[in-house]
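This report deals with enclosed space and with the pairing of strands. The structure is shown first, and the computed description follows.

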Amino acid sequence: MRKVWKKQIKDFLNLMEEAHNEIEKEVEKRNGAMVQELLGQCQEGAIRIGDLIESSEEGETKTVELLEEYCELVYTVHQSMLEGGHPKGGKFCKDLKVVLKRVQERIDSLKIRIEAVFLPYKAAMWDSLESVWKEAEADPDCDAYVVPIPYYDKKPDGSFGEKHDESGLYPEYVPIVKYDAYDFAFHKPDIIFIHNPYDGGNYVTSVHPFFYSSNLKKYTDCLVYIPYFIKDEMVFENLQETKKIEDYCMVPGVVNADKVIVQSREMKKVYIDILTGYTGRNTFDYWERKIAGLGSPKLEKVRNTSKKDICIPAQWAGIMKKRSGKVVLYNTHLNLLMERNYKYFIPKLRETLDYFKSRDDILLLWRPHPLSLAAAESMNPCAADIYRSIVKAYREEGWGIYDDTPDLGRAIALSDAYYGSISSVLTLYKETGKPILIHKIDIAEEKYGDDLCNHRVDRGGRIMW
């Protein structure tokens with residue numbers, strides 16, 4: 001039985017027990033009207049308990065039978081009083097107490113079940129929750145629900161744009177519950193897991209406001225936030241690099257969550273140091289209890305996925321037949337399309353694609369950040385069209401793989417080397433021990449200087465003059 005429902009039943013039983021004591025007093029006073037009213041309340045309580053049991057404990061007939069016996073006793077006394085009689089002594093109260101005691105014992109014997117709800121919004125970020133969900137799904141005393149939540153692109157003015165529901169993009173082995181089919185007020189889940197901490201503060205996307213962490217707290221006693229990203233911990237010795245983590249710590253999800261699970265004990269120390277810097281050293285114990293350095297499910301996914309575990313799409317397989325050789329994962333971060341970066345990134349991107357196109361001994365697997373185009377359209381619309389045309393041309397030419405699927409683990413397992421941005425994907429890739437090369441977009445700046453914006457760029461991103 002769910003903990004929340006068991007508590008409700010116990011509350012009803014306590015109220016009924018108090019009503020019994022009051023009934024005994026009113027019987028002595030021969031206050032028939034009050035006795036009838038209290039008996040009616042007891043019967044209503046028994047019915048409510050029965051409804052909760054039938055909706056949560058299928059097959060728990062013994063408790064229902066006891067409640068029916070209890071209601072029959074109440075009804076008999078109530079009818080007798082309506083016919084002009086008046087109960088004498090407390091025998092019927094004792095009978096009610098005996099039955100109620102047996103109901104209490106049955107309820108106490110029912111095993112507590114935990115209900116855990118996982119609320120991913122981007123299917124590509126499901127790996128930040130998957131291993132935790134698998135543990136919950138395998139627990140016989142836990143009911144685990146995966147409820148993908150809708151999100152919206154943000155327009156340049158911050159208003160909501162196109163709505164997305166990625167419920168159909170999750171692995172087949174993950175049972176999905178539609179977000180509008182799960183009643184949070186009724187279920188009151190014991191634990192809610194989220195990986196989006198921004199509420200309305202993200203400039204690129206926003207989940208539906210119902211799923212902001214500030215609102216979800218109303219429906220559970222334990223809101224858990226697990227970051228959708230991981231960070232390279234080698235930079236934490238650098239104060240300047242550590243300060244960059246602040247934006248990830250000072251977000252609503254961290255503040256509103258009852259528990260925050262980060263990638264390591266070292267990261268936990270960083271979070272606590274940053275948070276106490278803002279809230280005062282006297283809050284250290286609070287953050288120490290709240291932040292847990294238990295590890296990232298994303299790392300577990302990479303460690304546990306190999307080439308033999310993945311399923312290669314037919315389109316990819318066709319391209320791989322045409323081009324043999326090593327597979328290079330090309331990862332580009334969405335911040336490259338921001339206003340300061342894109343005028344250097346676009347030529348660099350075009351040059352990179354031209355280079356790999358010329359190499360018959362290398363197969364490029366380009367996997368941009370899943371929100372790259374949405375970020376450009378929201379924060380730098382002038383970059384969106386040209387970027388879109390580059391992607392379109394690359395996909396149509398068909399000499400390389402374009403990966404816009406939710407499965408990052410497959411791209412990491414399939415590839416032999418990494419090239420591209422410094423990002424959480426790079427941090428994950430380090431776990432494989434395979435070769436890594438960071439691209440340098442400021443090469444374009446060195447070539448063309450700050451006047452690059454004065455050069456004409458064609459629809460393919462090439463510098464014309």
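## Cavities

The largest cavity holds about 70 Å³ of space, where a cavity is a set of points, on a 1 Å grid over the protein atoms alone, at which a 1.4 Å probe fits but cannot get out, and a volume is the space filled by probe spheres set on points joined across faces, edges and corners. The model is predicted, so that local features need pLDDT of at least 70 and side-chain atom pairs count only at pLDDT 80 or more, while totals for chains, interfaces and linings use all residues. Residues are numbered from 1 along each chain as its sequence is written, and side-chain values use heavy atoms, with hydrogens and water left out.

Among the residues lining the largest cavity (an atom within 4 Å of a point) are Ile226, Phe229, Met267, Tyr271 and Ser296; by class this lining has nine nonpolar, three polar and no charged residues, with Ala, Val, Leu, Ile, Met, Phe, Trp, Tyr, Cys and Pro counted as nonpolar, Asp, Glu, Lys and Arg as charged, and the others, Gly among them, as polar.

The search of the whole structure finds two cavities of 30 Å³ or more. The second largest has about 40 Å³ of space, and its lining, which includes Leu119, His195, Asn196 and Phe211, divides into six nonpolar, two polar and no charged residues.

## Strand pairing

Three strands (DSSP runs of E, at least two residues, numbered from the N terminus) form an open antiparallel sheet in the order E4-E3-E6, pairing being taken as at least two DSSP bridges between two strands. Because E4 (160–164) and E6 (205–207) stand at the edges with a single partner strand each, one side of each has no neighbour in the sheet.

Strand E3 (residues 151–154) pairs with E6 in the antiparallel sense over three bridges, and aspartate 153 has threonine 205 in E6 as its bridge partner.

How values were computed. On a 1 Å grid over the protein atoms alone, a cavity is a set of points where a 1.4 Å probe fits but cannot get out, and a pocket is an open set with protein on both sides within 12 Å along at least five of seven lines; lining residues have an atom within 4 Å of a point. Helices (H or I, at least four residues) and strands (E, at least two) are DSSP runs, numbered from the N terminus.
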